[in-house]
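Please look over the structure shown here before reading on. The report that follows takes up its confidence, its cysteines, one of its sheets and its salt bridges.

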Amino acid sequence: MKLLKKVTMFGLLAGFGVSALADNPISTYHYLADPGAAADDDYFYIITDSDDPAPYNSNGYKIYALYAFRSRDMQNWTDYGIIYDARKVSGINDIWASGIAVHNGTFYIVFPDGGGGGIGYIKAPAIEGPWTNAVGQGKDKLVGGRGIIGCDGVSWCFDPGIFIDDDGTTYVTWGGGESTSRPNTDNFDIVKLNDAKNAPVGNGSHVKVNNLPTRKMLEASYIHKHKGTYYFSYSTGWQQGAPTIDYGISNNVMGPYTWKGTILGDPSMNGRSINGNNNHHGIAEFKGHSYVVYHDRRIAKGHNGLEIIPADDGKAKPNEGYHRSVSVDEMFYNADGTIQTVKVTDEGPAQIENFDPYDWYPALTSSKQKGIRSRSNFVQGKAADHVMLPLSSKEAWLRVSGVDFGAGATGFTVEAASTADGNKVEIRSGSATGTLAGTCTIKNTGNKNTYAENKCDVEGLSGVVKQLFLVFKGNQDSTMAVKAWGFEGSGTTPPEPQKPFSGKAWEIPGKIEMEDFDIPGSGRGSEIKSYSENDSEDHGIENGGKSYREDTGVDIYKKATGYVVGYNQSGEWLEYTVNVKEDGDYTMFASVATDNSTASFTLSIDDKSIAEVPVSGDSWDDFVKVKANVKLTAGEHVLRFTVTGDWFDIDYMTFAKGKDAKDPDDETIGIKGFRVLGADAVANFDVFDLTGKKVSSFTARNIHEAKKLWRENPQSKNVQGVCIIRNRYNGAVAKVRTTR
């Protein structure tokens with residue numbers, strides 16, 4: 001979901017009067033590890049893997065998935081849950097410590113395939129996904145097994161990092177243990193990626209760090225930049241006791257680097273961690289501050305009163321070594337550019353701006369939690385779906401800090417599912433038992449996959465509320481699933497509906513160009529969406545490239561007839577604002593191309609189905625017409641085109657007045673370049689030799705028939721080798737070889 005931004009005088013004063021501090025770790029309801037960090041102008045991002053699957057008595061790691069978080073204020077974090085799951089992506093083993101970068105609105109992650117099976121590379125238009133393979137040259141790895149290049153002798157080839165420089169140049173690093181050929185002083189590699197960011201330029205190069213102390217370089221390679229200086233940081237070996245995060249500096253991203261000291265000591269102080277285990281980190285600058293994220297063992301040790309949550313097997317007090325937590329603290333530089341050793345705190349960094357309650361937030365947005373669990377519903381090719389499961393018969397709440405209600409909130413809405421009566425959400429200030437501002441009763445929806453919006457009035461919430469609590473009450477545990485929430489009031493920005501692409505609704509009768517679907521709106525729920533794409537991979541690039549609406553991820557590319565929407569897969573949809581001139585019967589004609597007989601789509605008006613349309617053909621180059629009779633009501637509506645059968649291209653739709661009306665194209669096209677519903681319409685085809693000389697012309701129903709006719713034509717015997725056949729109307733071309 002696209003979140004709404006609010007700009008008011010309260011937002012401009014954000015940070016003033018905010019005195020609350022965050023509590024580490026960022027999540028207290030599951031076990032996370034190996035964080036990476038990135039930031040853009042709006043948010044600080046963290047990715048982690050998870051120790052959740054490890055049983056309570058585990059003596060090893062069980063790590064299968066990546067999780068994502070983001071924050072605007074460094075205190076309140078939105079947990080998107082699983083954004084990538086090796087268990088549901090074919091060809092990938094376990095996913096361990098990974099690296100993340102964001103550049104020009106695109107997110108990139110490098111991840112190790114298992115404990116050393118190579119380095120994968122994925123990208124997405126948002127932190128929550130959907131994530132798709134970013135590796136070029138038909139490979140599924142950048143480095144290692146089935147990769148473009150090899151691991152270069154690095155022992156385990158894991159813990160990759162990704163760094164995008166100010167000019168957009170991208171670098172990937174990796175390491176992981178020493179080998180006979182790669183000792184501890186030389187066990188990291190770095191490679192530069194090409195301009196498309198999808199393949200290495202050359203092979204990996206050794207990362208040199210001069211003046212190393214006796215501590216070994218082991219894993220967790222990471223590059224960041226501060227005031228023109230490059231910093232290479234890494235985790236030292238556990239073989240020599242507690243591992244630390246050390247670093248070197250250089251004026252060249254490829255090195256060599258000079259060792260300068262320790263960024264982060266082993267976070268074992270005050271009983272948080274255990275000596276002899278591991279350390280991992282991520283570093284990013286955000287809104288004038290620098291932060292380091294890292295893992296520790298706070299939850300498993302019950303540090304500072306934290307609830308020791310059970311492992312996934314339900315057993316209490318899990319093995320601390322393999323059930324880690326993720327925390328964040330601010331990092332400071334000395335005047336000479338060296339880094340002060342980070343002070344690991346319970347409080348975490350200060351909140352840097354107030355929280356805006358008048359947005360629509362994923363349920364797991366909070367600064368602290370108690371008595372809750374969560375469920376991730378990962379589907380490959382979809383954005384992350386994460387819901388909160390309160391243990392409502394116990395003390396269960398979310399806390400949000402530094403909330404700026406401005407002149408005052410009037411209402412609260414929560415989107416939730418419930419399998420029981422009597423579940424409710426209390427809105428309180430100060431503490432979980434503090435002043436009651438309102439209570440929302442949750443509708444019984446019958447199951448935890450059917451959601452409804454629940455609204456209630458609130459009062460007494462104005463100005464900056466330091467601590468706001470959403471308290472979950474009920475007679476039975478785990479009978480609620482909460483998806484999202486938000487407040488209404490003086491600061492509410494009304495939802496902005498989707499808009500026609502050209503600013504004006506499509507007229508019916510008339511033609512609709514499929515690539516010009518509506519522009520999404522902003523607000524809450526499905527009303528902001530105007531299209532749904534199964535993945536963000538730009539398949540149009542594979543067809544000669546495109547330069548049209550790239551930010552949507554919809555597969556638009558040019559063919560002889562102009563821009564078309566292609567690679568259509570079941571479940572994808574596009575919406576168009578239309579203005580129907582008058583009530584009555586209409587005939588819809590769609591220009592489509594495919595080489596199969598199982599494709600199809602449906603049409604609906606304002607969510608009411610009006611047509612089911614089968615699509616078939618025998619060529620991707622030969623566009624044909626399919627049609628359907630529909631009844632339409634006068635006025636402005638939203639027309640939705642939904643793919644129900646995979647794999648076809650669609651150029652446009654035309655609506656003509658009347659049932660079984662004549663195709664308007666028949667009145668304007670002298671040579672019918674399209675077949676209508678299997679009719680015997682034909683097109684003119686020209687044949688050229690490889691010098692460009694036209695050697696023949698004839699008519700055929702499609703390009704496949706034209707190729708067959710040319711091979712059978714006695715004239716073809718006079719032209720040796722390859723010829724080009726071109727459809728004179730739509731420009732479709734094909735090569736055909738003839739022999740004497």
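Is Lys 455 buried or exposed? With a relative accessible area of 55%, Lys 455 is exposed, because a residue counts as exposed when its relative accessible area is over 50%. The question is a useful way into the model, since the salt bridge that Lys 455 makes with Glu 488 is taken up again further below.

## Confidence in the model

The reader should keep in mind that this is a predicted model. The protein has a mean pLDDT of 86, and 88% of its residues reach 70 or more. There are stretches where the confidence stays under 50, one of them covering residues 1–21, for which the model has 54 contacts beyond four places in sequence. Over residues 667–680 pLDDT also stays under 50, and here the model has 38 contacts beyond four places in sequence.

## Disulfides and cysteines

A disulfide is a covalent bond between the sulfur atoms of two cysteines. How many disulfides does the count come to? The count comes to two disulfides, and when the bonded cysteines of the protein are numbered in sequence order, their pairing reads 1-2, 3-4.

One disulfide is formed by Cys 151 and Cys 157, whose sulfur atoms are 2.3 Å apart. The angle about the S-S bond is -80°, and the link of Cys 151 and Cys 157 is left-handed. Both Cys 151 and Cys 157 are buried.

Another disulfide is formed by Cys 440 and Cys 456, with the sulfur atoms 2.1 Å apart. This pair links distant parts of the chain, since Cys 440 belongs to strand E31 (residues 435–441) and Cys 456 to strand E32 (residues 452–457), 16 residues apart. The link of Cys 440 and Cys 456 is left-handed, with -100° about the S-S bond. Cys 440 has a relative accessible area of 0% and is therefore buried, while Cys 456, with a relative accessible area of 11%, is buried as well. Cys 723 is also a buried cysteine, with a relative accessible area of 0%.

## An open sheet

Five strands make up an open sheet in the order E1-E2-E3-E4-E24, and their pairing is antiparallel. Why is one side of strand E1 and of strand E24 left without a neighbour in the sheet? Strand E1 (32–39) and strand E24 (365–366) stand at the edges, and each has a single partner strand, so one side of each is left without a neighbour in the sheet. Strand E1 is joined by six bridges to strand E2 (residues 44–50), and these two strands run antiparallel. Within this pairing, Ala 38 has Tyr 45 of E2 as its bridge partner.

## Salt bridges

The structure holds 30 salt bridges, including the three pairs set out in the table.

| Salt bridge | N to O distance |
|---|---|
| Asp 166 and Lys 225 | 3.0 Å |
| Lys 473 and Glu 426 | 3.3 Å |
| Glu 488 and Lys 455 | 3.8 Å |

The salt bridge of Asp 166 and Lys 225 can be followed along the chain. Asp 166 lies in the loop between strand E11 (158–164) and strand E12 (170–175), and Lys 225 lies in strand E16 (residues 217–226), so the pair ties together parts that are 59 residues apart in sequence. Asp 166 is exposed, with a relative accessible area of 65%, whereas Lys 225, with a relative accessible area of 21%, is partly exposed.

The side chains of Lys 473 and Glu 426 also meet in a salt bridge. This pair links distant parts of the chain, with Lys 473 in strand E33 (residues 464–473) and Glu 426 in strand E30 (residues 424–429), 47 residues apart. Lys 473 counts as partly exposed at 31% relative accessibility, whereas Glu 426 counts as buried at 6%.

The salt bridge of Glu 488 and Lys 455 returns to the residue of the opening question. Glu 488 lies in strand E34 (residues 480–489) and Lys 455 in strand E32, so the pair ties together parts that are 33 residues apart in sequence. Glu 488 counts as partly exposed at 29% relative accessibility, whereas Lys 455 is exposed.

Which residues are linked in a network of salt bridges? Asp 113, Asp 140, Lys 141 and Arg 146 are linked in such a network.

Methods:
Residues numbered from 1 in each chain as written. Predicted model: local features only at pLDDT ≥ 70, side-chain atom pairs only at ≥ 80, totals over all residues. Heavy atoms only, no water. Disulfide = S-S within 2.5 Å. Buried < 20%, exposed > 50% of the residue type's maximum accessible area, 1.4 Å probe, protein only. Helix = DSSP H or I, 4+ residues; strand = E, 2+ residues; numbered from the N terminus. Pairing = 2+ DSSP bridges. pLDDT = per-residue confidence, 0-100. Contact = heavy atoms within 4.5 Å. Salt bridge = Lys/Arg side-chain N within 4 Å of Asp/Glu carboxyl O.
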